[in-house]
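Open the model in your viewer and colour it by chain. Keep the selection panel at hand.

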Amino acid sequence: MGLLNALDNPINADGIILGKVEDLFNWGRAKSNWFLQFGLACCAIEFMAVNASHFDLMRFGNIPRSSPRQADYIVISGTVTLKMAERIKILFEQIPEPRYAISMGSCANSGGPYWQHGYNVLKGIDRVIPIDVYIPGCPPRPEAFEQAVLKLQEKISMEEIFKKRERVAQEDKMLESMLKAEENNFIENVNKHI
Amino acid sequence: MENNLENTTNNNKINIEYSQFDSERMRLNAGPQHPSTHGVLRLEVELDGEIVTDIIPHLGYLHRCFEKHCENSNYNQIVPFVDRLDYVSAINNEFPYVMAVEKLAGIEVSEKVQILRAMCAEINRIANHLLAISAFGLDSGAFTPLLFLFREREFALGILEKLSGARLLYNYFCPGGVRYEIYSDFKKDVKVFIDSVRLAMKEMEDLLIFNDIFIKRTEKIGLLPKEVAINFACSGPVARGSGINFDIRKSAPYSSYDKFDFDIPVVEPGKEVVGVSGDCWSRNWVRVKEIEESCKILEQGITLLPDEGSVTDGIPKKLKVPAGEVYCKAENTKGELGFYLVSNGSDKPERVRARATSFVNLAILPSISKGYMFADLIMILGSIDIVLGEVDR
Amino acid sequence: MTIQEIYDLLKIHFNDDIKEITDISNGDSFITVNPANIFDILQFCRDYETLDFDYLTLISGMDSGENLGVVYHLYSMKFKHSIVIKAFVPKESPNIQSVVYLWRAADWHEREAFDLIGVVFDGHPNLIRILCPYDWEGHPLRKDYVTPQEYHGMKVPY
Ligand code: SF4
């Protein structure tokens with residue numbers, strides 16, 4: 001809607017808008033986030049309620065996908081056990097970049113009610129994957145989840161794309177040379193021992 | 001017992017002599033993040049083409065150390081942990097636990113509290129069954145029932161939220177009473193709720209339950225004979241769908257359930273509406289009928305619930321539990337839920353062991369789903385209605 | 001049948017293997033039996049005409065200091081009576097016979113008792129961990145259990 005309002009502006013007449021390409025991209029990315037459809041524990045039931053008729057998450061442009069390869073973000077909805085943590089890491093890594101993660105509920109944030117004696121509970125999912133938005137509550141209300149989605153949209157629409165690409169390319173180059181050096185080192189070592 | 005399963009007639013099972021073909025078996029991993037496994041259950045399935053030949057369930061992806069926490073918390077602090085076992089029907093979980101503590105500590109509970117507790121449990125039961133039916137529909141590919149039934153479910157959650165302050169995990173019951181007084185419009189809300197649920201279920205029967213496609217997907221699938229169900233100690237809709245007339249609300253009435261007049265829906269062999277006794281459709285049908293029975297109980301509860309009297313007066317200032325041990329059971333939404341409580345006289349229990357219903361009911365899955373298609377396996381799992389929080393504890 | 005009658009009946013058939021009956025006024029009384037003969041006793045409970053315990057409610061393990069206890073809760077669908085039977089095994093050799101062949105429901109209960117408490121059920125067809133990861137060390141519900149510092153590179157304590 002913001003776009004249409006801009007068209008009414010007399011300065012941008014004739015349907016022409018002046019702006020940065022980055023903004024356009026970000027606007028598109030922020031308003032159509034697909035999430036990975038999976039649930040962990042009690043919070044997942046509230047997550048279902050958010051998706052169902054009463055709270056209707058789809059009006060924010062969020063559609064469930066069953067495969068991580070089609071998703072933009074993942075919702076960690078509940079207690080993460082040590083047994084599950086490795087799986088979640090794999091799932092998260094399967095999501096193509098740029099990817100985001102929402103941590104829903106105190107369990108995912110910090111271990112929640114199970115922080116003290118939970119020998120099999122991971123005390124905070126951020127020990128395994130990076131998190132963008134945290135939602136407190138046990139379980140968080142559906143309204144809180146919607147707030148989190150808005151926060152995520154805000155974050156995405158402020159991101160830089162081109163500079164980041166440059167930076168990532170540089171980092172990649174550095175990494176490559178480091179790896180090469182390491183490999184050479186290794187080969188030298190092996191040769192020495194032979 | 002195994003033979004019994006094989007011999008049942010009237011079965012959609014595909015009988016193939018495996019030795020005839022030199023077919024290759026494939027191992028497929030379903031879960032733990034698959035949405036149709038109702039949480040984080042992992043099934044290692046061996047397939048012959050599309051046909052399931054073996055299943056190995058791997059549990060424990062949500063093992064939250066419930067029993068360890070109980071040993072380190074006092075009796076009132078345990079109630080929230082109990083909530084989080086079967087998180088879809090939290091009130092029903094608290095019920096046997098507080099009864100066990102009350103029995104050990106010798107606390108008498110007033111009649112008003114008992115009736116209120118039963119009513120809360122029934123509202124919660126309806127909420128759970130609405131979720132179970134809609135999720136079952138979702139498994140079979142019907143998305144609309146979910147959208148329809150969640151409307152009514154929000155209503156149930158709304159009533160319980162007004163009572164307890166929480167939407168999903170209530171922490172409402174406590175030994176001796178309930179935490180908060182009843183709000184003034186409670187009876188009116190319940191009345192409106194009953195009407196809307198009845199209307200919704202009528203709609204649902206046309207939309208989903210007697211829908212041809214749905215019947216074709218669910219009838220004569222996953223047959224569970226009666227003797228096998230008893231041997232596996234199944235309870236709840238799973239057992240009643242197989243014709244076992246077993247409901248703790250009737251067989252050993254607790255709380256105020258002897259004051260209510262209601263039936264136990266059982267699908268007995270020879271009296272089926274659709275399909276055969278013990279198939280997926282029957283198990284789901286028991287849930288549909290149970291919603292109606294719960295509505296009946298709520299209706300009577302409105303007249304039985306006295307207006308005067310307090311529900312929070314009976315809570316002891318300091319809870320003292322003498323040494324002893326007790327096993328208390330109640331009819332959870334999924335079957336028999338029991339708590340085995342061992343007290344040593346201190347303020348913390350020595351051992352709390354939950355007989356988790358879903359854990360016991362899930363154990364039948366490998367036996368009843370061999371020989372069906374893989375897509376049917378999802379239906380069978382959906383019809384058992386498990387909650388992983390309870391399976392793994 | 002009341003628990004006293006069941007106790008008398010078991011005493012006639014198993015004599016010394018049935019140890020004592022512990023009365024608990026505010027809960028459920030239980031019968032303590034000799035763990036060496038548990039399979040026969042439970043089979044008798046299941047098959048004897050007037051007992052007919054066809055429904056195994058629960059098997060729980062517990063750590064009671066020097067011994068490990070195994071508790072069987074049985075229920076009869078027909079007569080609607082129930083009973084609690086306990087057997088204690090020493091911690092050094094926590095072996096007891098499995099009852100999977102009497103009730104299939106015992107399968108996962110026994111695996112759980114093995115996983116969390118460390119009771120070993122002889123004759124169980126597939127006695128592996130069920131709740132903890134397969135490579136977990138120790139039995140978490142024992143009183144002397146110490147939570148590990150790390151598991152697969154993840155820090156465990158808060
Ligand atoms: S934060 Fe609370 S509601 Fe959410 S998964 Fe943890 S215990 Fe359950």
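This tour of a predicted model goes to the chain interface, then to the ligand site.

**Stop 1: the interface.** Select the residues of chain B in contact with chain A. You should have 33 residues of chain B, facing 31 residues of chain A. Together the two chains bury about 3100 Å², and carbon and sulfur atoms give 66% of that area. Now pick out B:Tyr61, B:Arg64 and B:Arg167. These supply 19% of the area that chain B buries against chain A, more than any other three residues.

**Stop 2: polar links.** Stay on B:Arg167 and show A:Glu46. Their side chains form a salt bridge, 2.8 Å from N to O. The count between chain B and chain A is two salt bridges. Polar contacts across this interface number eight residue pairs, with both residues at pLDDT 80 or more.

**Stop 3: the helices of chain B.** Select helix 2 (66-71) and helix 6 (144-164) of chain B. Each supplies at least two residues of the side that touches chain A. Helix 6 of chain B gives the largest share, seven residues. By type, this side of chain B holds 16 nonpolar, eight polar and nine charged residues.

**Stop 4: the ligand.** Centre on the ligand and show the 15 residues around it. Which of them come nearest? They are A:Cys42, A:Cys43, A:Cys107, A:Cys138 and B:Arg84. Chains A and B both surround the ligand, so the site is shared between chains. Next, highlight helix 3 (42-51) and helix 5 (105-110) of chain A, the elements that give two or more residues to the shell. Helix 5 of chain A has the largest share, three residues. Colour the shell by type to finish: eight nonpolar, five polar and two charged.

How values were computed. Residues are numbered from 1 along each chain as its sequence is written. Chains are lettered from A and ligands numbered from 1 in the order in which they are written. This is a predicted model: local features need pLDDT of at least 70, side-chain atom pairs count only at pLDDT 80 or more; totals for chains, interfaces and linings use all residues. Side-chain values use heavy atoms; hydrogens and water are left out. Contact means heavy atoms within 4.5 Å. Buried area is the accessible area (1.4 Å probe) that two parts lose on being put together, summed over both. A salt bridge is a side-chain nitrogen of Lys or Arg within 4 Å of a carboxyl oxygen of Asp or Glu. A polar contact is a pair of N or O atoms within 3.5 Å; within protein, one must be able to donate a hydrogen and the other to accept it, and residues adjacent in sequence count only if both atoms are side-chain atoms. Helices (H or I, at least four residues) and strands (E, at least two) are DSSP runs, numbered from the N terminus. Ala, Val, Leu, Ile, Met, Phe, Trp, Tyr, Cys and Pro count as nonpolar, Asp, Glu, Lys and Arg as charged, and the others, Gly among them, as polar. A residue is near a molecule or strand if one of its heavy atoms lies within 4 Å of it.
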